[in-house]
Amino acid sequence: MMKKKTTTTKISREAKSQSVPLAGKVALITGGAKRVGRAIALRLAHEGMHIAFTYQQSAREARSLVKQIEALGQQALAIEVDLAEPDADATVFDDFCKQFSRCDALINNASTFDRTPIGKISLDAFEHNMAINARAPMMLMQRFAPMLAAHAKVDTKRKPADRGRTKNVGRIINFIDIHVMGQPLRSYMAYNMSKAALMEATMTAALELAPKITVNAIAPGVVAWAQSYTKEQRDRYMQRVPLARAGTPDDAAEAVLFLVRDADYCTGQIIRLDGGRLYT
């Protein structure tokens with residue numbers, strides 16, 4: 001387990017500058033050491049955010065990401081945790097609070113993608129998918145909600161048309177999947193069910209946590225190929241993508257940035273990040 005780097009730098013309670021709206025704020029990203037999570041962490045760090053992220057087995061990648069973020073002038077914290085454990089949310093929260101006193105964005109990116117065709121679905125496989133893809137995000141949303149809402153304030157000093165607008169709203173972004181939006185993925189029933197549960201959790205949390213926290217989801221097609229996909233499967237997939245290319249981790253990171261920085265009047269929404277594939 002990697003040692004956590006301590007720092008005496010104080011986290012500002014407000015953004016450092018109106019021209020840099022995310023400067024000094026803090027994001028927590030699950031599954032941040034590699035692939036999509038890593039791209040998100042670096043993109044938000046470039047925008048001035050301090051970054052905490054979880055990882056399970058990718059210690060080498062976690063160490064290198066901490067160095068990259070710190071080289072950008074931001075604080076970084078890597079939290080080793082198995083999100084399938086029942087007390088994972090408490091572990092993440094306790095470690096997070098040792099370094100940071102605020103949280104402005106929670107990005108539930110970590111996921112497991114287990115093949116579970118009917119006839120071969122074990123109880124352990126079902127529970128593993130549900131634990132990582134649905135239960136952990138739900139419990140983290142609940143655990144961090146007070147901190148995410150702590151800096152939100154209703155603006156009563158603006159022009160009459162803008163009065164009542166909430167500033168410094170917390171952000172939650174959950175990664176679901178286009179395959180839970182009407183076109184389930186064959187042989188992945190437990191995965192499909194867990195991501196569908198996370199989609200419903202997103203909608204419920206959007207209702208319950210407003211107006212101090214917005215809750216949205218991103219539904220990717222392919223933004224990073226699963227290692228299990230063969231060349232034939234990839235070619236077949238690409239034939240159904242109108243934009244004629246696979247997505248990238250950077251595409252996902254830009255979508256997250258929009259929801260964190262710009263989407264003030266957007267909650268309970270799903271952004272399909274699939275190059276148009278869902279309806280082909």
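## Helix α4

In this predicted model, helix α4 covers residues 123-149, a run of 27 residues. At 1.5 Å a residue, α4 should span 39 Å, and its end C-alpha atoms lie 37 Å apart, which agrees with that expectation. The helix nevertheless contains a kink of about 45°, centred on Ala131.

## Helix α5

Helix α5 comprises residues 189-209. For its 21 residues, the rise of 1.5 Å a residue gives an expected span of 30 Å; the end C-alpha atoms are 30 Å apart, in agreement with this value.

Many positions of α5 are recorded by name as buried: Ala190, Tyr191, Asn192, Ser194, Lys195, Leu198, Met199, Ala201, Thr202, Ala205 and Ala206. The elements that cover these buried residues include helix α4 together with the strands β7 (170-175), β8 (213-220) and β9 (270-273).

## Met189 and a nonpolar surface patch

Met189 is located in helix α5. Its relative accessible area is 36%; because buried means under 20% and exposed means over 50%, Met189 is classed as partly exposed.

Met189 also belongs to a nonpolar patch on the surface, in which it is joined by Ile118, Ile121 and Met193. Together, these four residues present about 370 Å² of accessible area.

## Val223 and its surroundings

Val223 is placed in the loop between strand β8 and helix α6 (231-238). With a relative accessible area of 7%, Val223 falls under the 20% limit and is therefore buried.

When residues up to four places away in sequence are not counted, Val223 touches Val36, Gly247, Thr248, Pro249, Ala252 and Leu273. In addition, the C-alpha atom of Val223 is separated by 7.9 Å from that of Asp274, although the two residues are 51 residues apart along the chain.

## The protein as a whole

The protein contains seven helices and nine strands. Of its 280 residues, 48% are buried. Among contacts with a separation of 6 or more, 73% are between residues 24 or more positions apart.

The accessible surface of the protein amounts to about 14,300 Å². Carbon and sulfur atoms contribute 52% of this surface.

Methods
Residues numbered from 1 in each chain as written. Predicted model: local features only at pLDDT ≥ 70, side-chain atom pairs only at ≥ 80, totals over all residues. Heavy atoms only, no water. Patch = residues over 30% accessible without salt bridge, like charges linked within 9 Å, V, L, I, M, F, W, Y side chains within 5 Å. Areas by Shrake-Rupley, 256 points an atom, 1.4 Å probe, with all protein chains shown as cover. Salt bridge = Lys/Arg side-chain N within 4 Å of Asp/Glu carboxyl O. Helix = DSSP H or I, 4+ residues; strand = E, 2+ residues; numbered from the N terminus. Buried < 20%, exposed > 50% of the residue type's maximum accessible area, 1.4 Å probe, protein only. Contact = heavy atoms within 4.5 Å. Expected span 1.5 Å × (residues − 1). Bend = angle between axes of the 7 residues up to and from the residue.
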